[in-house]
Every structure is written in C-alpha cells, then in structure tokens.
Amino acid sequence: MNDRVENVIIVGSGPAGYTAALYTARANLEPFVVEGFQWGGLLQQTTDVENYPGFPQGMMGPELMQKFRDQAERFGARLETDDVTKVELSRDGGLHRVWVGDQEHVGRTVVLAMGAQHRKLGVPGELELAGRGVSYCATCDAAFFRDRPTIIVGGGDSAMEEAMFLSKFSSTVSIVHRRDEFRASKIMLDRARAIPNIEWLTPYTIDKLTNLEGAHQGQLEVAHLRNTVDSSTRELPTAGAFIAIGHVPQSELVAGQVELDENGYVVT
Ligand code: NAP
C-alpha cells in the first residue's frame, strides 16, 4: 500500500472527472485522478461537439477532452492512466480504498465519475462479429467500410451523428430504427435526411447478425431484420453494423455500496 493519504481520489476522466479534478486542484487538494487506460471517456470517440457552450464553431471530441485534461493538470491534478479494479467505500466516515491492479490507494474522499459505455443490442452474432463488421464507433471504424453498404441501429442523436460520418465512406448507410418516430433532435434529423446515401428502414429491429451462410463467424454480411408492427422479416446485405442505441452506466465498481437507480446510475 501507498503510505500517502489522498485528499481526493477521482475515478474516471470524462467531463465529470476532469471537472472535479480542475476544481479540487484549484482548491489545493492535489487530487489523484485514476483516469482509466482509455482516458477522456466517450467523447474521445466523437467527432464534432456542437452543443458545448463557449465554442461557437464546435470542437472535435478528442480535442475537447485534451483541453479538459490539460486544464486539470495545469492546476496540479495528478493523473494515473490506468483502470480502477476495485473500490471499497468507507461507511463510517473513515478512509476509502481504491485499487489500481495490486496498488492500493486510500483517500478521504472519492469522486465517482465512471460514466457509461455503449449499450449492446444483445442479439446473436453481435459479440461474435464485433470487430468483424459490428462496431460501436463510426469515427473509429468508418474508413474500413469505404464504398460498401452499412447500417446504423438506433434513432437518437448518436445514430444520426454516426450515420452522417459514415455516409462519407459507405456506399449507402441504412438507419434501422424500431419506431417510425425518432428520438433524435430535429436539427440532427434534418441534416441526416438531406444526405442522399442515407436510407431509412423503420420500424425494424435486428434479429441476428450473420455471414452469408447464416453463421455467427467470419465476417458480417447479413443483418436479419424484423418489422416491429407486422413481424415480417427481411435480410439486408451489409458489410458493417454500427450500434448506436444509447449507453449503460459503469457503476459495477460500487454496486452494493451505494444506491443505484433502476437504470443502474448512482443516485446523487
Ligand atoms: P438515446 O437518445 O437514448 O437514443 C437511443 C436510441 O436507441 C433510441 O432511438 C432508442 O429507441 C434506441 N434503442 C435503445 N435500445 C434499443 C434496443 N435494444 N434496440 C433497438 N433500439 C434501441 O441515446 P443517444 O443517441 O446515444 O444520445 C444520448 C444523449 O446524447 C442524448 O441526450 C443526445 O441528445 C446526446 N447526443 C447529442 C449529440 C449532438 O448534439 N451532436 C450527439 C450524440 C448524442 P427508442 O427511441 O424507440 O427508445
């Protein structure tokens, strides 16, 4: 164990984690931030961030997170680029314990800022074909699908953003959504609707993802769709399936130690 007793240990490094780091650093608390191996949270996988106040021209997600990080560091936040493996919160006002691998850290305060991860569809073929056509990040993977047809699953702003980015590479991008109405904001929907190689397939869900032989191996070639109104099915040839159906909180480190709401988010 490290002998040092930290004033503040911050777990996570999305906007919440680095904001906590900035403010506690400026309060001379010398925060210790375990920022995760892939620091910067989900905005690292985003292209244009247009709705963050103060940047009228927008900003790329990774650039924004680099600025958050630099600003926290400038005032003395200490960053560890590794994952927290275990947290033991004190229930009696004593010290909290946070492990990074075998290394134990103790602190008077722990800030939980673990954020969320991409929600999975949970259909056959999704996990087996991940990285072989199934992806959760168009910014990361769109270039692999140049001149080939792809689908986006989802109807929120993330789905629109992913579709617009992907449309610059793919021959066609089919947005597969389970309802005829979209949760996405009007401005994002209008932009996506104006792109000629984006097609709209509603109301459909995905039954399974397979190769041409119908097996969950090799490379993704077919998305098997089901109409949510009349239950009819269709097979859609596709080289890539980008899943953009929201997020689930990463609260498992503290499950059983603090109250979680019905969606798994820590109740604040
Ligand atoms: P979201 O708004 O929660 O949308 C998730 C979408 O996935 C919904 O259309 C939902 O369908 C669908 N879905 C959920 N579970 C599904 C399942 N099991 N099978 C099929 N479809 C499923 O999530 P998001 O798009 O990631 O956006 C999250 C937040 O970030 C929002 O507040 C959004 O405005 C914001 N955001 C903003 C921007 C931007 O402004 N540039 C970009 C990205 C995200 P239903 O509608 O039927 O429930």
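These are my notebook entries on a predicted model, covering its ligand site, its disulfide and two backbone oddities.

**Entry 1: the ligand shell**

I started with the residues around the ligand and got 17 of them. Asp157, Ser158, Arg178, Arg179 and Arg183 come nearest. By type, I have eight polar, five charged and four nonpolar residues in that shell. Which helix gives the most to the shell? I found that helix 4, residues 157-166, does, with three residues.

**Entry 2: polar contacts and burial**

Next I looked up N and O atoms of the protein close enough to the ligand to count as polar contacts, with 3.5 Å as my cut-off. Arginine 183 has a polar side-chain atom 2.7 Å from a ligand oxygen. Glutamate 161 also uses a polar side-chain atom, which I find 3.4 Å from a nitrogen of the ligand. With glycine 155 the backbone does the job: one of its N or O atoms lies 3.1 Å from a ligand oxygen. Then I checked how much of the ligand is covered: on its own it exposes 920 Å², and the protein buries 71% of that. As for where it sits, I get the second largest pocket.

**Entry 3: the disulfide**

How many disulfides does the structure hold? I count one. Cysteine 137 and cysteine 140 form it, and I read 2.0 Å between their sulfur atoms. I also looked up the handedness: the link between cysteine 137 and cysteine 140 is right-handed, with 75° about the S-S bond. A note to self: a disulfide is a covalent bond between the sulfur atoms of two cysteines.

**Entry 4: backbone oddities**

Most peptide bonds are trans, and most residues other than glycine have a negative phi, so I went looking for exceptions. Threonine 202 and proline 203 are joined by a cis peptide bond, with omega at about -10°. I place proline 203 in the loop between strand 13 (198-201) and strand 14 (204-210). Asparagine 28 is my exception for phi: its value is positive, near 60°, though the residue is not a glycine. I find asparagine 28 in a loop too, between helix 1 (15-26) and strand 2 (32-34).

Conventions. Residues numbered from 1 in each chain as written. Predicted model: local features only at pLDDT ≥ 70, side-chain atom pairs only at ≥ 80, totals over all residues. Heavy atoms only, no water. Near = heavy atom within 4 Å. Polar contact = N/O pair within 3.5 Å; in protein donor to acceptor, adjacent residues only side chain to side chain. Areas by Shrake-Rupley, 256 points an atom, 1.4 Å probe, with all protein chains shown as cover. 1 Å grid on protein atoms, 1.4 Å probe; cavity = no way out; pocket = protein on both sides within 12 Å on 5 of 7 lines; lining within 4 Å. Sits in = over half its atoms within 2 Å of the grid points. Helix = DSSP H or I, 4+ residues; strand = E, 2+ residues; numbered from the N terminus. Nonpolar A, V, L, I, M, F, W, Y, C, P; charged D, E, K, R; others polar. Disulfide = S-S within 2.5 Å.
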